[in-house]
Amino acid sequence: MTDTAAAAPDTPAAQAAAPLLAVRNVEVVYNHVVLVLRGVSLEVPEGGITALLGGNGAGKSTTLKAISNLLGSERGEVTKGTIAYRGLPIAGLSPAELVRRGVIQVMEGRHCFRHLTVEENLLTGAYTRRDGSRKVAADLEMVYAYFPRLAERRKSQAGYTSGGEQQMCAIGRALMSRPETILLDEPSMGLAPQLVEEIFQIVRNLNEKERVSFLLAEQNTNIALKYARYGYILENGRVVMEGAAAALRENADVKEFYLGMSEQGRRSFRDVRSYRRRKRWLN
Amino acid sequence: AELVVPALSYRTGPYAPNGIPFADGYADYFTLLNERDGGIEGAKVKLVECETGYNTQRGVECYEATKGQGALVYQPLSTGITYQLIPKATEDEIPIHSMGYGRTSAANGKVFPGVFNFPGTYWDAASIIVKHIAEQEGGDLKGKKIALVYHNSAYGKEPIRTLEELSKKHGFELMLLPVDHPGQEQKATWLQVRRERPDYVTMWGWGVMNQVAIKEAASVRFPMDKFIGVWWSASENDVIPAGEEADGYKAVAFHGVGDDYPIYGDLKAHVYDKGQAAGDGSNPGTVLYNRGMVAAMWAAEAMRKAMEIHGTNELTPAMVRDGYEALDVDEARLEALGLPGFTVPVKVSCANHGGPGLGAIQQWDAKAKEWKLITDYIPADREVVDPLIQEDSMAYAKEAGITPRACNM
Amino acid sequence: MTAGGLAMPFRSGGAGEAAAGTAAGADASGRPTAADRRIGPPVLEVRNITLRFGGVTAISDISFDIRDGEVRAIIGPNGAGKSSMLNVINGFYHPQEGEIVFHGQLRRALKPHQIARQGIARTFQNIALFKGMTVLDNIMTGRLTKMHRNLFWQVLWKGPAEREEVAHRAAAERVIDFLEIQHIRKTPVGRLPYGLQKRVELGRALAAEPSLLLLDEPMAGMNVEEKADMCRFILDVNAEFGTTIALIEHDMGVVMDISDRVVVLDYGKKIGDGTPDEVRRNQAVIDAYLGVAHDDES
Amino acid sequence: MLFFIETVISGLLAGVMYALVALGFVLIFKASEIFNFAQGVMCLFAALTLAGLILGYTPFAEILHVLGLPAAWMPELPLWLAIPLTMAVMVGLALLIERLILRHLVNQEPIILFMATIGLAYVLEGVGDLMWGSDVKPLDIGLPSGASDWMLDRFDIYVEKLEVAAAVIATVLVILLTLFSQYTRIGRALRAVADDHQAALSVGISLRTIWVIVWSIAGFVALVAGVMWGAKSGVQFSLSLIALKALPVLILGGFTSIPGAIVGGLIIGVGEKLAEIYLGPFIGGALENWFAYVVALLFLLVRPQGLFGERLIERV
Amino acid sequence: MFYRETGDFKTSYAADGQIFPVRLDRWAFWFALAFAFLVVPFLIDDYWEKSILLPFLIFSLAAIGLNILTGYCGLVSLGTGGFMAVGAYASYKLMTEFEWLNIFVVVLLSGGITAGVGLLFGLPSLRIKGFYLAVATLAAQFFLVWLFNKVPWFYNHSATGMITVPERTMFGIAVTGPAAPPWATYLFALALLTLLGFAAKNMVRGRIGRSWMAIRDMDIAAQIIGVPPLQAKLSAFAISSFYIGVAGALYFCIWFGAVEPTEAFGINQSFLVLFMVIIGGLGSMLGSFLGALLLVVLPIVLKQAMVDAAGMAPVLARHFEITIVGALIVFFLIVEPHGLARLWAMAKEKLRHWPFPY
Ligand SMILES: Nc1ncnc2c1ncn2[C@@H]1O[C@H](COP(=O)(O)OP(=O)(O)OP(=O)(O)O)[C@@H](O)[C@H]1O
Ligand SMILES: Nc1ncnc2c1ncn2[C@@H]1O[C@H](COP(=O)(O)OP(=O)(O)OP(=O)(O)O)[C@@H](O)[C@H]1O
Ligand SMILES: [Mg+2]
Ligand SMILES: [Mg+2]
């Protein structure tokens, strides 16, 4: 795992000094014609948890895929801007190379290997590791400890497990590679509330104990801002707002649009059928 | 003037190993004429090769593409393409020479004025084989069993009718064993041979099928000298892979084998040594090379004849057709061409486009790695073949609405 | 089946102005509460269903009912058998034991498409849109059960087939208006972001004018704002066309707010059934599913 | 009865020969869900290369000839050199295929990849012809051939020696390959790639490496099959058509199962021989081809994923 | 901006649902059609007819047929050659048994008979999926060809099993047989293609087409929303076979005039048509035409360029040709896996933005 001794990650100074991952002014085009990211810049500090928030189609997943170089397989490409990891540009690297350098992505929509058993799925996560099968076995136990449900289903083909089980499987699989940076795309999707909380606990755990850095795209703004330290809000392919998580949580707009709070506190979903204020940053 | 002769060759695809030597022989003969004699009666031959890959669709494309260049005669070189071209070429008045293949009943010149298939047809070949067998058996075929192993296509099915007639006539039992293209796997066929133990096996095979059949026959210990192929199952390619075991395998032939003919001297001097040989130059003397050459020889003679008839060396396809119809290449002429005894004498007439229908039996000598003619040219059983030709060609005439022309020569 | 659908605005040539009905103005209190709405007798009863896959028992001996016009939520931890339950209801899985009563009649073993024709439509947990088609075509596909012109007219096109097409197009357009997805009408669905895809899927189900609508995690992967939109659609459908809705959802806020009754599954067993408030207080449910998370959130 | 036994044995052995070709298909399908139609041509290409090297053909002689370059300078290579060289060519081919084709088609529909392999088949066919010419090349590398005299004299049963050898080789291959794909890290990665290219990428599996490995192995299997069939019928274009013989075997055994290829081969082999011999005389011969497919079809109706194939996962 | 849709408003759903919603496209189409019907017949000779136009028209028809099955309904079939054989032999039998039947009727009836056969062979598709089905359709391919090769009734007991087309006329002009003038056969095929092309487009844009596409994209979801899979798949098989049967009949009657089943309708034919469909664009009408055009013309162009223009030896040219065709297929797939039709659409989209990149 990471052996660089860095300053306490929370201090802004540390963040400014050495961003682990720096995305500068990135533009992404799909199919040569669909412009999706219109110049996104963001930074992930070493040992930080950074949240990427925003509505549907804002470009969160695209940003993550641009970082992990998975765009190619969807006929998308980065047409402008640079992405640097530990100061080195990573544009030309294959996803496999990135994983070897410690950056792994958990893709949105599960993407388990359907015909492999749950356990085999987890083991593929350790594909790039060279530190012996004993360590891998130990990590497997760790994942099972995090997700007991997976242990119960270890021998069934992933394709036959439930949606939430697949989500756990995908996250567990990423953990198996012992990454130093995880790009998490919608980890909470389809998980039971209890489990959502647990997953974020795991995130915090890894972050604090193992100093894993996280960039997480999340719709559940509430919980994301609770665990993240810094947040970016993406809309329509642009970063429209950024700031420390605590600050964002207090922002009125964020409250209204992303946290579902009104002045009176939490708004009931039953009552939301009235006119809504337009987000002012949507031109 | 130039004489445009298209060659619908197939140097690619599954039958390329057979197509290459034929195409080489065909090309080299014309090259020889051009180089040695300056063409035919002063007109150079322009050979236009068009690659068909033994594929009908491409064959037709080749036909349409070369037709416009003034093609004088077509050798379609595949039964499928021949069938295709017969009505078209007839309409376009371009002669077709399907030498020993194609539609047998085209031998009837009354119905097929523009198609020639001398010197012999498949039906001739079938009857010659049966005659040879009868001779081996001392004249009596009663109660014998003869199997036909055939390429399961129009080509392979040609002899069936004739063999059926012959089996009625001679009282032998006929056993039919089709083999699907390409014929690499013939286990079942030869197991059947092993079980039924026919006295003789004849074969209408092509391509890889031939050699596999010969190998399999050897494996099931079928006596090779009782295994007789048609002339398209008679090349070196077919027997060499089976090695020693193929020794004694027989086939019908209508032309000589080897390169022991004066013409090869000329070929060497005027073609090979000048680096003009077609292909990679490795085929002279092989069976199929010789066959290509004999086809070219007849085409050249037909053109010569046409010039003689029409008194010009600016030929049209129709003139060449006349030349074919008046073709008469006898022993003496062969001698003069440097091909003494190379093939049977041919005399074509208005009614008979099928030639003399003669065939000899050749046999493979595995030690010497060469074919040898072991019989004289045997005539076909006209008594059986002619009525069949008559019947089939008249049926075609009726179907296609052709009134047979009168031939009073 | 859907005789009550006369008032359905999606129906071809129907009169309702769905979009207008839901748009501006109506303030929260104007909305009928659960008590006001006509919640009728059970439309669907699930009786003693047991479903096994090889060694795994996904559902064991579960019974509950869904009443006409209500919003019924199904919740439970991951792998509890919720999706499987929906699959049983619409005939994709065949339970080993138990029976289903639909509109008071014991349901025979039917093929899924036959069940769809009885008026049950659904959306899927892992989006199952027709990727190669546009949004409009997807929604039109939802109306296939209502289109009948035969091959001959189809080939001819001009005449009855075109008229039918246009009529159904109008209905599909009303769904599109209702869900506010006009701008992506002609976009191939594969290119849409996740949340919109979910919305299109809802549209496809709505286009079939179902009497019972099954929604499998319709709001997964959405942010609060979008969830709110989705809730609005669901509630409107329910309120205005009386469509019965069964919904699986992990967001307790949503479930507690919009459902009339909740059934809780836990690893194949039913551990709770009742109004949101009852369920929220049920200790078994708290232990198995809710944890403490829900409360400290708001 | 004896004849029946003989037929069955022949069928079994013929089946093994088909299975050898089918194995190549299975490997690639298992690793990438690519239905590699070029497998047949790869057999041809491998056998052509081997035969060409042994017989001292100069590669691209025709082109060299046209260009006026010396076109006959290759010596006849001994077997121990020719085989590794051929294998090197096949590995090179795998590299090229990955570089030029697969890499650009990541995450595409299976049918697109299928088409690409047909395109590849054309290219290989053309290049094979250009490289080695299209004449028949005997391939004699000392494999036994002809009928086993011992069996014939002793039991009056006709058994082809070459096919017995093939059976032995095929068995060994199947065992090795099964172990490889089921129990090794790479093997697991292969199956992962087949399920989801993108996810495989995301966990750090390098598709490129995997593909090169798999296509190299498939090239090796193609070489083995090509040698066997080449010894039987000479090396020439028709060799590529044995792919069609392997297809029913493939669907019967299941696209993803290595042992399935063998079992499928045996069933198809026996089925078609019995049909040809016992049914052929009644309904007309040469029915082997379609009969094999019909047998496979009947099995599929019962098990749509083939005998040993992975179940199709259908869920919503 | 060359290609503009702006200002091209639709005021009714019917207008929005037409085949070419953009005015420019519509005009171009009608112009091309008029050209094909009114001008081309005066220009063609035997070579154009037999080597380019007829193959193009006939393969377009076959490609439409296969596209219905594979592109729209998602069922890959490798039995196209076999079904074309059914069409050809059906037309032969119809023509020889009922000599008074009009050739136009004969061709359509042949399609109908093929549809029946297709239906039969489509039955396994209910259970078998994906490549398993694709390979299983080879059973149809091999069986049908075997049947026509084996049962003498189909070829009226002729000696070789070859069938030859009798002459048939329309409006007193021969359209089959060697005497048929090129323009007549061309117009005959063109008329059929136009008719059936429109019919196909109408099917795929309506109810039936949608149920096919639903099955293609996700068959379970389709069933659950009420598409009966049996009906959808079988109708796709039947209708696709109808088109392929008509193509087979034309192939035999007006293009070749004489065929034998093993070669003319072999598996290569199946692959060729599949190529056309995929290179052209799965699930696209335009794609069927583009694919057919490309694969008919490409080999000819290559051959002419290499043999006639560059003077290469035909064999060598042929080897290169196979290689290049193969390479181009791969190339096109890489450039745009969704086929030429998509390439075309993207080009239009670019034109729309032109001169701006996005
Ligand atoms: N393969 C693709 N081809 C074309 N457009 C695409 C493709 N993938 C995504 N898009 C478009 O890019 C935009 C951003 O998509 P992205 O998936 O990044 O959004 P997101 O923020 O992750 O949304 P969600 O919260 O729904 O996951 C969307 O408008 C989508 O339509
Ligand atoms: N076709 C199947 N074959 C085998 N097991 C299955 C199948 N379908 C579901 N299961 C198993 O049944 C159990 C219930 O699955 P189901 O999808 O119904 O869960 P769920 O309640 O929807 O969970 P989630 O909230 O995670 O979606 C799971 O453990 C799953 O693995
Ligand atoms: Mg996303
Ligand atoms: Mg679920």
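**Helix 12, magnesium sites and a chain interface**

Reader: What phi does Gly284(D) take just after helix 12 of chain D?

Author: Heads up, this is a predicted model, where local features need pLDDT of at least 70, side-chain atom pairs count only at pLDDT 80 or more, and totals for chains, interfaces and linings use all residues, while side-chain values use heavy atoms, leaving out hydrogens and water. Residues are numbered from 1 along each chain as its sequence is written, with chains lettered from A and ligands numbered from 1 in the order written. Helices (H or I, at least four residues) and strands (E, at least two) are DSSP runs numbered from the N terminus. Just past helix 12 of chain D, Gly284(D) has a positive phi of about 95°.

Reader: Where does helix 12 of chain D bend?

Author: Helix 12 covers residues 258-283 of chain D. A bend is the angle between axes fitted to the seven residues ending at a residue and the seven starting there. Pro281(D) follows the bend within four residues, and the bend itself, about 40°, sits at Ile277(D).

Reader: Which protein residues are the donors of the magnesium ion (ligand 3)?

Author: Donors are N, O and S atoms within 2.8 Å of the metal (3.2 Å for Na, K and Ca), and as water is not among the atoms, sites may look incomplete. At ligand 3 the donor atoms, an OG and an OE, lie 1.8 to 2.4 Å away. Their residues are 47 apart, one in helix 2 of chain A and the other in the loop between strand 6 and helix 4. They are Ser61(A) and Glu108(A).

Reader: Is Gln125(C), a donor to the magnesium ion (ligand 4), buried or exposed?

Author: Buried means under 20% relative accessible area, exposed means over 50%, and partly exposed is in between (1.4 Å probe, protein chains only). Ser83(C), the partner of Gln125(C) at this ion, has 12% relative accessibility. Gln125(C) has 8%, so it counts as buried.

Reader: How many residues of chain D are in contact with chain E?

Author: Contact here is heavy atoms within 4.5 Å. Chain E brings 39 residues. On the chain D side, the number is 57.

Reader: What area is buried between chain E and chain D?

Author: Buried area is the accessible area (1.4 Å probe) that two parts lose on being put together, summed over both. Carbon and sulfur atoms give 82% of it here. The whole area buried between chain E and chain D is about 4300 Å².

Notes:
Expected span 1.5 Å × (residues − 1).
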